[in-house]
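Please find below a note on the model under review. The points are arranged from the whole chain down to single residues.

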Amino acid sequence: MQRIYLDYNATTPVDPDVLEAMRPYFTERFGNSMSGHSFGVEARDALEAARASVADLVGAPTDRLFFTSGGSESINWAIKGLAFARLDAAKRILVGATEHHAVEESVHWLRRFGFRVEVLAVDAEGRVPPVAVAKALEAGPALLVSVMWANNEVGTVQDVAAIGATCRRHGVPFIVDAVQAAGKVAIDVSRAPVDFLALGAHKFYGPKGVGALYVRAGVELENVVHGAGHESGRRAGTSNVAGAVGIGAASRKAKALVGGESTRAAQLRDRFEAGLGAIIADTRVNGAAAARLPNTSNVGFDGVLAQELLVDLDRRGIAASAGAACRAGVHLPSPTLSAMGLSRERALAGVRFCIGRFTDESAVDEAVRRIADSVRALRHASPASAAKR
Ligand SMILES: Cc1ncc(COP(=O)(O)O)c(C=O)c1O
């Protein structure tokens, strides 16, 4: 049985071109980018070329882009680094209700130091209304606002331009988690009023364990990883040159493909949703009325628990998930779907299917068939249907 991977928001395979670009940096070009000799120069040149490619993907000046170990570290750095840089500022932190754990847990940790966290509610499609941000900022000063560019579970794309403009009017730094958005939609921080932007390579066909943080010029930020003077003295630790080369190559490819790929993914996603709706009764697509990532489909089948469906689908060779990969195996309603106002039952039913660069029409059609078989089998076996028989 051919396995079908529909979990591209959890992670992506490394693109073969990216792997090829990285390969020499594990072996013959293994130098430490801080060394003065030719091996070091070679590594340093590769690191800086990669930085320019990542910066180009998001419209950032190259010298404002810092490499990290991934999206989580970038988010932790932005939030904690900002908090510690502005200890004399307001202790009030505003975050969207559907942020990733990396944001939620970072701000939660800051509570120990007297920071207060206020959650910005989302609407039924998962959007943080810009007027709600304006209202919250009019009510009093804040240290920071953190709202993701696009949601990992449902794909909802936030109105970053309007939220950022509001933050700027109030002089409040705006942190944006763009881990899911990068490579799927165009990002340009030279136009968007964003102060910090977090990226992770493994979501756009780069390697795991490398990411980047864009820091707008003039915005204060404390270092959080202390040691030697890597990353222009901003983040210590011998540079992951191969990883940086990987995120650089992945960025170049993402930039070249993003327009065509997002159209193609949206067509496949629409085909997938239409296919499911046509053959499975009581199918609901969550968040479908909002601007969404083109590859992401969060679907609930009434009466079918996501966790049971996922186990059955895995047996049938379909890889999908309920919410974030880091929540796999958690039998609680998705906090994101709950924040969107779904009932507990519907939130427990939501399954995330994500299309990627290597998904084609035949995979989508086959997935629809296997999902339909699975939903039918589970509905048939459920106590409610047994009672009717
Ligand atoms: C929206 C979002 N933010 C942050 C992260 C964390 O990124 P990383 O896995 O690179 O640490 C993820 C990963 O699932 C994500 O989906």
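The numbered points that follow take up the chain, its sheets, one helix residue and the ligand shell.

1. This is a predicted model, in which local features need pLDDT of at least 70, side-chain atom pairs count only at pLDDT 80 or more, and totals for chains, interfaces and linings use all residues. Residues are numbered from 1 along each chain as its sequence is written.

2. The protein chain has a radius of gyration, taken over C-alpha atoms, of 22 Å; this agrees with the value near 21 Å for a compact globule of 389 residues, a rule computed as 2.2 Å times the number of residues to the power 0.38. Along the principal axes, the C-alpha atoms fill a box of roughly 75 × 55 × 35 Å.

3. Of the 389 residues, 48% are buried. A residue is buried if 20 or more other C-beta atoms, placed from the backbone, lie within 10 Å of its own. Among contacts (C-beta atoms, placed from the backbone, within 7 Å) between residues at least 6 apart in sequence, 75% join residues at least 24 apart.

4. The protein chain holds 13 helices and 12 strands. These are DSSP runs numbered from the N terminus, with helices (H or I) of at least four residues and strands (E) of at least two.

5. One open sheet has seven strands in the order β2-β8-β7-β6-β5-β3-β4, with mixed pairing; two strands pair if DSSP finds at least two bridges between them. Strands β2 and β4 stand at the edges with a single partner strand each, so one side of each has no neighbour in the sheet. From one strand to the next, the twist averages 20°, where axes are lines fitted to C-alpha atoms (for helices, over the stretch in contact) and angles run from 0 to 180 degrees between N-to-C directions.

6. At one edge, β2 (residues 65-68) sends L65 and F67 one way and F66 and T68 the other way, and all are buried. Four bridges pair β2 with β8 (residues 211-215) in the antiparallel sense, and F66 has L213 as its bridge partner in β8. Helix α2 (residues 38-58) lies across β2, β7 and β8, at about 115° to β2.

7. Strand β3 (residues 92-96) has four of its five residues buried. It runs parallel to β4 (residues 116-120), joined by five bridges, with I93 partnered by V117. Three bridges also join β3 to β5 (residues 144-146) in parallel, and there L94 is partnered by V145.

8. A second open sheet has three strands in the order β9-β10-β12, with antiparallel pairing. Its edge strands are β9 (283-286) and β12 (351-354), each pairing on one side only. Four bridges join β10 (residues 296-301) to β12, and S297 stands opposite F353. Helix α8 (residues 241-279) packs on this sheet, touching β9, β10 and β12, with its direction at about 10° to that of β10.

9. Is G243, a residue of helix α8, buried or exposed? G243 is buried, because 25 other C-beta atoms lie within 10 Å. G243 touches P207, G209 and V210, leaving aside residues up to four places away in sequence. G243 and M22 are 221 residues apart in sequence, yet 7.2 Å apart in space, C-alpha to C-alpha.

10. Of the 14 residues around the ligand, G70, G71, S72, N152 and G200 come nearest; a residue is near a molecule if its C-beta atom, placed from the backbone, lies within 6 Å of it. The shell divides into four nonpolar, nine polar and one charged. Here Ala, Val, Leu, Ile, Met, Phe, Trp, Tyr, Cys and Pro count as nonpolar, Asp, Glu, Lys and Arg as charged, and the others, Gly among them, as polar.

Key: Buried ≥ 20, exposed ≤ 12 C-beta atoms within 10 Å, placed from the backbone. Contact = placed C-beta atoms within 7 Å.
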